[in-house]
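Me: I want to go through this structure term by term, with each label set against its cut-off. Please show it before we start.

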Amino acid sequence: MSNSSNRIVHLSQSNDNNDSDQLPRVPTRDTLKDKLNQRIIDMLEIDGRKPFNEIAKSLEISEGTVRNRVNRMKDAGVLQIKALVDRSAINYATDSMLGIKVASTSSPTEVAKRLQDCNEIVFIIWVTGRYDLLVEIASEGDETLTRFLDEHCFNNGDIKDVEVMKGLATYKNQFLLKSQEKL
């Protein structure tokens, strides 16, 4: 057994069959607990375009192992690699929270799925209490917010009521991307 395959076995805590990159295609509770998967994810969180050969070299494993693990996590729905826009870096003008009450003929999940692809939305959460959903909107200005409300909230049968809370100042938002900083 070569040194690199010893490292693969050691890093991934695999069995003696040396199948360290043979993860199930169905996500399990342990998929993200796997130490090697987590190290790969940590590197991709810093730079989602980092080449697999650089990740492999840094972790002292084969490029094929990185490729296989990333592909399996993507296939299983555990990992998505996307571009994220830090709207504070582009000085968006309007930051608003929407408190949404869902109509009795619909569900919060259905409304969230309908809204999730809207570019203005940076955050959707199903909550308990006064509202069913809290939605954060970051937009270029009041016109964009008005258009969003008109197209996606008002006159839609799945939304009973919307309360718009326009932000006046942001003091902390750790959900936005930070420059290669771990939370």
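**Labels and their cut-offs**

Reply: Arg-67 and Glu-63 sit 4 residues apart, about one turn, and both belong to helix α4 (residues 63-75). Helices are DSSP runs of H or I with at least four residues, strands are runs of E with at least two, and both are numbered from the N terminus. This is a predicted model, in which local features need pLDDT of at least 70 and side-chain atom pairs count only at pLDDT 80 or more, while totals for chains, interfaces and linings use all residues. Residues are numbered from 1 along each chain as its sequence is written, and side-chain values use heavy atoms, with hydrogens and water left out.

Me: What makes Arg-67 and Glu-63 a salt bridge?

Reply: A salt bridge needs a side-chain nitrogen of Lys or Arg within 4 Å of a carboxyl oxygen of Asp or Glu. The N to O distance for Arg-67 and Glu-63 is 2.8 Å, so the pair qualifies. The structure holds 6 salt bridges. Another of them joins Glu-54 and Lys-50, at 3.7 Å from N to O.

Me: Why is Arg-130 called exposed, and what is Glu-163 called?

Reply: Exposed means over 50% relative accessible area, buried under 20%, and partly exposed in between, with a 1.4 Å probe and protein chains only. Arg-130 has 59%, so the label is exposed. Glu-163 has 27% and therefore counts as partly exposed. Glu-163 and Arg-130 form a salt bridge, with 3.0 Å between the closest N and O atoms. This pair links distant parts of the chain, 33 residues apart: Glu-163 is in strand β4 (residues 159-166) and Arg-130 is in the loop between β2 and β3.

Me: How do you know that β2 and β3 pair?

Reply: Two strands pair if DSSP finds at least two bridges between them. Strand β2 (residues 121-126) and β3 are joined by 5 bridges, so they pair, and they run antiparallel. One bridge partnership is that of Ile-124 with Val-135 in β3. The hairpin has 6 residues between the strands, and Gly-129 takes a positive phi near 105° there.

Me: Why is β3 described as largely enclosed by the rest of the structure?

Reply: Strand β3 covers residues 133-139, and 6 of its 7 residues are buried, so the description follows.

Me: How many disulfides are there, and why are Cys-118 and Cys-153 not joined by a bond?

Reply: A disulfide is a pair of cysteine sulfur atoms within 2.5 Å, and the count is 0. The closest cysteine sulfur to that of Cys-118 is in Cys-153, 8.2 Å away, so it is too far for a bond. Cys-118 counts as buried at 10% relative accessibility, and Cys-153 counts as buried at 2%.

Me: What makes a group of residues a nonpolar core, and which residues have the most contacts inside the largest one?

Reply: A nonpolar core is a set of buried Ala, Val, Leu, Ile, Met, Phe, Trp, Tyr and Cys residues joined through side-chain atoms within 4.5 Å. The largest core has 17 residues, and Leu-98, Ile-100 and Phe-148 have the most contacts inside it. At least two residues of this core come from each of β1 (94-102), α5 (108-115), β3, α6 (142-153) and β4. Helix α6 gives the largest share, 4 residues. Apart from this core lies another, of 13 residues, including Leu-36, Leu-59, Ile-61 and Met-73.
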